[in-house]
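Dear colleague,

I am handing over the structure we spoke about, and below it you will find a short account of what was found. Please read the account with the structure open beside you.

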Amino acid sequence: MRTLSNEVIKELNIMKDRLEDIDNMLTYPEVIADTRLTTRLTVEAGGLRPMVDKFLEYERLVAERDDINDNMHIFDLSDRDAVSKEIADMENSLSGTIEQIYNLLRSRDSVIDRIGVVFKSSVGGDVMARILIDLYKKWAEWFGWSLIVGDDLSLEISGVGVAKVMVSEMGVHQIINADGQGSVCVGVFDLPTLKSVDVEDKDIRVDIFRASGAGGQHINTTDSAVRLTHISTGIVVVCQDERSQVSNRARARRVLLERVRENADRKYQDEMSALKTTALKNAKNKIRKYDYVSNKVHDYVLDKMFDLNKFLSMDVLNNIDKISL
């Protein structure tokens, strides 16, 4: 009986869990309200879903086959030929599904890349940064990528082959025009994974105590106040405003979940900031010079000259080896 290897099953289970994680996040009100985040998660989910769907089909077929085999003894002899044929058909279907899964795994380039791009301009370089953003938007449309422009003009790009293309953009881009010259430093980095955040009972320490302060005799004589502590982060929420312990606990849990998610988002933003800083520090090599006076682009990496208008209008894409996928 053909099956997937334990290593492949482990990898597919990670993909399945991640897809479930994303599907859960896409139901959070704070995620739905953030269109850029929603787009990013939707693109990532789209890259995972075909593989996960095939894995779920594999799990279903294996479970059905094993169930029939385990219960073969209960069938009459007259029925066993039909059951054996059903198992054989199921094995054929299973083999086809396994082959499709391995084909997807062999196509590693079909995995969605998620890349961040950050810009740092010298005097006169702001114009170059916007020119590059417009150029990368055209590349995204050409290759079918998803591109999101951040408030700080940083980019988040997702799609097939993004890393292969964009890593070669990391470095210094120069501009010469009628107003003088400037440069912009382009940093490229892998986007960190934004994880779903939930709070389970095992993650919380609950303390019950007598409410204090104004509120009447009931509050002062009943152990209705609740303190919830999120064990891994140390975040504490105290609620004693409601008249019952149950109401205080429910309210405290809602507030705790909100604060834990805010804490996770803050850590994610801190990680993003650190990655941007490191990417810019590593972006030292000369990449291109865009000379608007002579209407030429000098690509230092390829050691080639291009017509500026054609380069920026995408006409040159088919002739640049490093950009072709």
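A nonpolar core, as the term is used here, is a set of buried Ala, Val, Leu, Ile, Met, Phe, Trp, Tyr and Cys residues that are joined through side-chain atoms within 4.5 Å. Please keep in mind throughout that this is a predicted model.

In the largest such core there are 65 residues, and those that touch the most other members are Phe-119, Leu-132, Tyr-136, Trp-145 and Met-166. Tyr-136, once its neighbours within four places in sequence are set aside, is in contact with Phe-119, Leu-147, Leu-155, Met-166, Glu-169, His-173 and Val-186. There is also a second, separate core of 11 residues, whose members include Leu-228, Cys-239, Leu-256 and Val-260.

As for the chain as a whole, its secondary structure comes to nine helices and 11 strands, and 38% of its 325 residues are buried. Among contacts between residues at least 6 apart in sequence, 61% join residues that are at least 24 apart. The accessible surface comes to about 18,200 Å², and carbon and sulfur atoms account for 50% of that surface.

One part that repays a careful look is an open sheet of three strands, which has the order E6-E7-E8 and antiparallel pairing. Strands E6 and E8 stand at the edges with a single partner strand each, so one side of each is left without a neighbour in the sheet. On average, and with direction ignored, neighbouring strands of this sheet are turned by 15 degrees against each other.

Strand E7 (residues 225–230) is largely enclosed by the rest of the structure, because five of its six residues are buried. Six bridges join E7 to E6 (residues 204–209); within this pairing, Ile-204 has His-230 as its bridge partner, while Ile-208 has Val-226. On the side of E8 (residues 236–239), four bridges make the connection to E7, and Thr-229 stands opposite Val-236. The hairpin of E7 and E8 has five residues between the strands, and in that hairpin Gly-234 takes a positive phi near 80 degrees.

Helix H8 packs on this sheet, touching E6, E7 and E8, and its direction makes about 25 degrees with that of E7. H8 (residues 245–281) has 37 residues and reaches 53 Å from its first C-alpha to its last, which is close to the 54 Å expected at 1.5 Å a residue. The buried residues of H8 include Asn-248, Ala-252, Leu-256, Val-260 and Arg-261.

With best regards

Technical notes: Residues numbered from 1 in each chain as written. Predicted model: local features only at pLDDT ≥ 70, side-chain atom pairs only at ≥ 80, totals over all residues. Heavy atoms only, no water. Buried < 20%, exposed > 50% of the residue type's maximum accessible area, 1.4 Å probe, protein only. Helix = DSSP H or I, 4+ residues; strand = E, 2+ residues; numbered from the N terminus. Pairing = 2+ DSSP bridges. Expected span 1.5 Å × (residues − 1). Contact = heavy atoms within 4.5 Å. Areas by Shrake-Rupley, 256 points an atom, 1.4 Å probe, with all protein chains shown as cover. Axes fitted to C-alpha atoms, helices over the stretch in contact; angles between N-to-C directions.
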